[in-house]
2 protein chains.
Amino acid sequence: MTTPTTSLHAEIATLLGEGAVVPPGAAMARFIDEPRRRFHTAAQAVALPSSVEQVQALVRWAAAKRIPLIPQGGNTGLVGGQVPLSGQEVIVSLERLNRIRSIDAATGHMTAEAGVILEKAHEAAEAEGAIFPLWIASQGSARIGGVLASNAGGVQVLAYGNARELCLGVEAVTADGRLYAGLNTLRKDNTGYDLKDLLIGSEGTLAILTAATLKLFPRPAAYETAVVNVAGPEQALALFYRMKAAAGARLTAFELMPRFGIDMLLRHGMMSSDATASMSPWYVLLEFSYGEADRQGVLAEALEPAFEAGLTDDAVLAGSLAQRQQLWAMREQMSEVQSREGASIKHDVCVDIADVPQLIAEGMEAAERAVPGIRPCPFGHLGDGNIHFNFSQPIGADPKAFMAGADAVHDAVYEVVLRLGGSVSAEHGIGQLKTKVLEEVKDPVALDMMRAIKQALDPHRILNPGKVLA
Amino acid sequence: MTTPTTSLHAEIATLLGEGAVVPPGAAMARFIDEPRRRFHTAAQAVALPSSVEQVQALVRWAAAKRIPLIPQGGNTGLVGGQVPLSGQEVIVSLERLNRIRSIDAATGHMTAEAGVILEKAHEAAEAEGAIFPLWIASQGSARIGGVLASNAGGVQVLAYGNARELCLGVEAVTADGRLYAGLNTLRKDNTGYDLKDLLIGSEGTLAILTAATLKLFPRPAAYETAVVNVAGPEQALALFYRMKAAAGARLTAFELMPRFGIDMLLRHGMMSSDATASMSPWYVLLEFSYGEADRQGVLAEALEPAFEAGLTDDAVLAGSLAQRQQLWAMREQMSEVQSREGASIKHDVCVDIADVPQLIAEGMEAAERAVPGIRPCPFGHLGDGNIHFNFSQPIGADPKAFMAGADAVHDAVYEVVLRLGGSVSAEHGIGQLKTKVLEEVKDPVALDMMRAIKQALDPHRILNPGKVLA
């Protein structure tokens with residue numbers, strides 16, 4: 001760790017070529033400035049390998065010198081997993097490994113390198129008449145390696161699963177620079193331990209992903225999309241059960257939104273006019289996706305008895321693709337709009353789907369006790385039990401003073417989550433932001449198993465040290 | 001390992017109570033006589049804990065004494081994972097941990113202990129109007145712990161996934177007797193490494209599963225089932241692509257069967273009359289499952305253009321539930337019937353779905369070269385790329401001489417499988433039967449990672465030693 005910086009840069013350049021190493025300074029900014037603006041440590045260097053062999057050479061070099069490496073995709077992570085912690089690290093950007101190696105839409109798979117931008121993967125699938133159904137807000141810059149390393153979720157997990165379920169196999173460089181050749185297109189393979197799923201979601205601490213085989217699905221022939229008024233999360237949950245019974249696997253999105261979020265969108269001009277049917281304390285955005293041979297119109301049909309049962313009193317159904325986009329835009333901008341209303345405190349939590357109403361009621365109450373006047377904006381994937389439990393500062397409060405009290409709000413929300421047997425990080429992972437809370441809340445036996453696995457696969461702590469496990 | 005047997009039995013009885021230990025002898029037979037009749041070693045004892053605490057006490061005792069333990073469910077495994085290898089082992093039967101702890105069909109999960117028989121889990125789900133969609137031939141005796149430890153598959157993986165995908169969380173006793181409290185009902189949880197999926201499929205070598213949370217699905221409102229004539233695997237594959245495009249997630253089974261298998265069923269009276277439409281060299285059994293709001297009749301509609309395209313010339317559609325069962329009975333008895341035709345050599349392999357025709361053509365050819373007159377009976381899950389590539393002995397051959405040449409047939413089939421990037425154990429695992437072949441064919445980096453994980457989680461090799469990893 002005491003290698004002088006200039007020699008270090010020269011050594012990387014020798015391994016990867018000139019132009020493949022970025023020293024601290026302006027050019028490094030895009031690799032270390034992360035979306036939450038919480039972490040500000042520079043790396044010793046950014047290395048930009050162009051091939052799997054170069055990644056291996058780099059890891060062998062780092063292992064010999066005991067230089068910690070941080071694998072990085074699109075630098076869109078929300079918990080600081082992809083940026084420096086100690087400042088002794090070299091960031092390994094995978095952005096130059098950006099080929100789609102193969103695609104077979106009929107059979108349903110595509111092999112993409114770690115640096116492929118998620119949106120490019122979408123486009124490649126769509127060009128073959130298929131979909132890769134993982135949609136997240138950062139898809140224009142997030143890359144496949146990071147998407148898998150963090151086991152990203154998104155708005156269609158309900159129907160298609162998380163990144164983990166969407167991946168058939170991975171290729172990765174181990175901590176000693178060897179290549180784990182785990183790419184495959186098999187739907188079944190019981191030859192030993194499930195290394196694929198262990199590496200997925202390990203946030204770059206067990207190996208560096210270099211490529212993955214991803215599942216593709218037939219492109220739906222039609223969508224039906226609605227934003228439905230509901231009195232509260234309990235009515236939303238009852239509606240979810242009905243819609244699931246009616247549509248089964250055709251129900252591909254079920255998202256909760258509070259009126260407060262819609263009001264913010266209007267107030268800050270992020271929506272030109274109110275796209276909801278009418279005023280309501282809460283809304284659900286739901287979507288059905290149809291295959292070619294399916295009978296359509298099921299959404300409207302299924303809503304009728306829900307009206308009669310008093311679960312909703314109004315709804316808007318998208319009559320066009322443009323209107324569908326308008327409805328989705330409300331949901332997609334609900335996180336971003338909070339930054340226009342002063343400071344905000346965020347949580348990405350999951351509970352049993354049946355417990356979402358209790359989570360929201362008790363979490364709002366507990367946060368209000370901690371910070372009177374705090375403005376809750378819980379929204380997100382009710383169909384997965386995954387709520388982005390966000391709070392805007394009280395009107396007129398000092399943002400810095402509000403953020404100084406963030407721990408009390410975290411404690412209040414996490415107390416409810418843990419009492420319900422939930423997760424304090426549903427989608428975003430642990431990174432460096434949540435290592436302390438993980439130690440406090442995770443089953444100690446699980447933590448010990450994780451530490452033993454880390455020690456077994458990365459004994460010299462070369463790979464993203466201090467992330468996930470402090 | 002040198003503890004005298006009588007004292008060992010007394011010690012187990014002290015821990016678990018009288019009547020919870022079975023010494024070698026007649027009473028042990030049902031725990032060590034396994035379905036393939038290949039392995040015949042007695043254990044030192046069978047221990048029958050009645051609670052999770054008793055499992056923990058037993059493991060702590062075994063760890064202190066360095067006595068190897070074999071976790072066992074219903075003793076239905078096909079690769080000897082659940083029966084002794086050295087004879088020094090104590091079998092830990094989980095059959096007394098047989099409670100269904102909770103069930104919530106609306107939300108879609110059930111928590112069952114490791115000793116619950118799979119069929120009982122089916123019944124519990126069905127009593128609540130739901131399904132647990134994992135159907136395997138041994139479901140009347142297989143138990144949830146074994147089903148998960150071996151990541152069982154079955155006939156509806158196509159639509160619902162393997163055991164791994166059907167499980168939300170597990171509870172397990174670690175090699176030092178602590179409890180990993182990983183039961184949960186969360187659809188999303190990114191708080192650390194994926195221990196659940198690591199334990200699933202590890203065949204009892206990393207921990208002893210004591211309970212699991214399983215996913216439930218709405219019971220289909222209707223099925224449409226057909227057995228369709230096809231000229232060969234290529235036509236079957238083309239038909240698969242068409243059916244998948246037509247039905248998407250509603251296509252819940254797509255199974256290939258050779259005429260040879262049907263002939264055997266008729267010859268040995270396992271089917272009273274031919275249930276196929278007419279003579280054909282191959283058949284596909286396919287099934288669509290419908291939700292309440294779905295338009296039915298899609299199967300017949302989708303078959304029409306397949307007729308016109310020459311992919312099939314005849315088919316039988318089940319007109320009743322009884323006829324559906326009759327069609328399924330052909331498929332379900334295809335493995336068993338082979339034992340009536342003398343000796344048989346079996347393989348459970350998986351390739352890319354698109355490569356199934358090549359696998360079958362080249363595998364049959366290679367086996368015929370190895371043993372002239374050998375009678376191939378490849379059948380199974382074409383929709384997953386998973387073929388049970390079985391062979392009956394030549395007519396009139398000596399069964400023992402035929403089996404003595406089994407390795408040449410294995411080599412011939414595995415050469416094709418590996419050349420196609422396939423798996424030599426799609427569903428059944430490694431156990432003690434395939435440890436040698438695993439060492440020969442598995443990526444050496446993957447093997448080293450597996451060994452490192454085994455060493456990390458079971459440093460004293462208490463848990464099922466010699467299984468999976470020799």
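## A network of salt bridges

In this predicted model, five residues join up in a network of salt bridges: A:Asp176, A:Arg178, B:Glu439, B:Asp448 and B:Arg451. Look at the letters in front of the names, and you will see that the network has members in chain A and in chain B.

One link in chain A is easy to pick out: A:Arg178 forms a salt bridge with A:Asp176, and their closest N and O atoms are 3.7 Å apart. Are these two partners buried or exposed, or something in between? A:Arg178 has 31% relative accessibility, and A:Asp176 has 46%. Buried would need a value under 20% and exposed a value over 50%, so both residues count as partly exposed.

## Salt bridges that link distant parts of a chain

Side chains of opposite charge can pair when their charged atoms come close. Over all chains, a search of the whole structure finds 58 salt bridges. Here are two more of them to find in chain A.

Start with A:Glu341 and A:Arg375, whose closest N and O atoms are 2.8 Å apart. A:Glu341 sits in the loop between α11 (321–332) and β16 (344–345) of chain A, while A:Arg375 belongs to strand β18 (residues 375–381), so this salt bridge ties together parts that are 34 residues apart in sequence. Why do both partners count as buried? The reason is that A:Glu341 has 12% relative accessibility and A:Arg375 has 14%, whereas the cut-off for buried is under 20%.

Next, try A:Asp197 and A:Arg164, whose side chains meet in a salt bridge at 3.8 Å, N to O. This pair, too, links distant parts of the chain: A:Asp197 is in helix α7 (residues 195–199), and A:Arg164 is in the loop between α6 (157–160) and β8 (167–173), 33 residues apart. Both A:Asp197 and A:Arg164 are buried.

## Empty space inside

Now for the gaps between the atoms. Rolling a probe the size of a water molecule over the atoms shows where empty space is left. How many cavities of 30 Å³ or more are there? The count comes to 3, and the largest cavity holds about 50 Å³ of space.

Which residues line the largest cavity? From chain A come Ala246, Ala247, Arg250, Tyr290, Asp294, Arg295 and Val298, that is, A:Ala246 through to A:Val298 in that list. From chain B come B:Arg250, B:Ala293 and B:Asp294. By class, this lining has 5 nonpolar and 5 charged residues, with no polar ones.

Definitions and conventions: Residues are numbered from 1 along each chain as its sequence is written. Chains are lettered from A and ligands numbered from 1 in the order in which they are written. This is a predicted model: local features need pLDDT of at least 70, side-chain atom pairs count only at pLDDT 80 or more; totals for chains, interfaces and linings use all residues. Side-chain values use heavy atoms; hydrogens and water are left out. On a 1 Å grid over the protein atoms alone, a cavity is a set of points where a 1.4 Å probe fits but cannot get out, and a pocket is an open set with protein on both sides within 12 Å along at least five of seven lines; lining residues have an atom within 4 Å of a point. Grid points are joined across faces, edges and corners, and a volume is the space filled by probe spheres set on the points. Ala, Val, Leu, Ile, Met, Phe, Trp, Tyr, Cys and Pro count as nonpolar, Asp, Glu, Lys and Arg as charged, and the others, Gly among them, as polar. A salt bridge is a side-chain nitrogen of Lys or Arg within 4 Å of a carboxyl oxygen of Asp or Glu. Helices (H or I, at least four residues) and strands (E, at least two) are DSSP runs, numbered from the N terminus. Buried means under 20% relative accessible area, exposed over 50%, partly exposed in between (1.4 Å probe, protein chains only).
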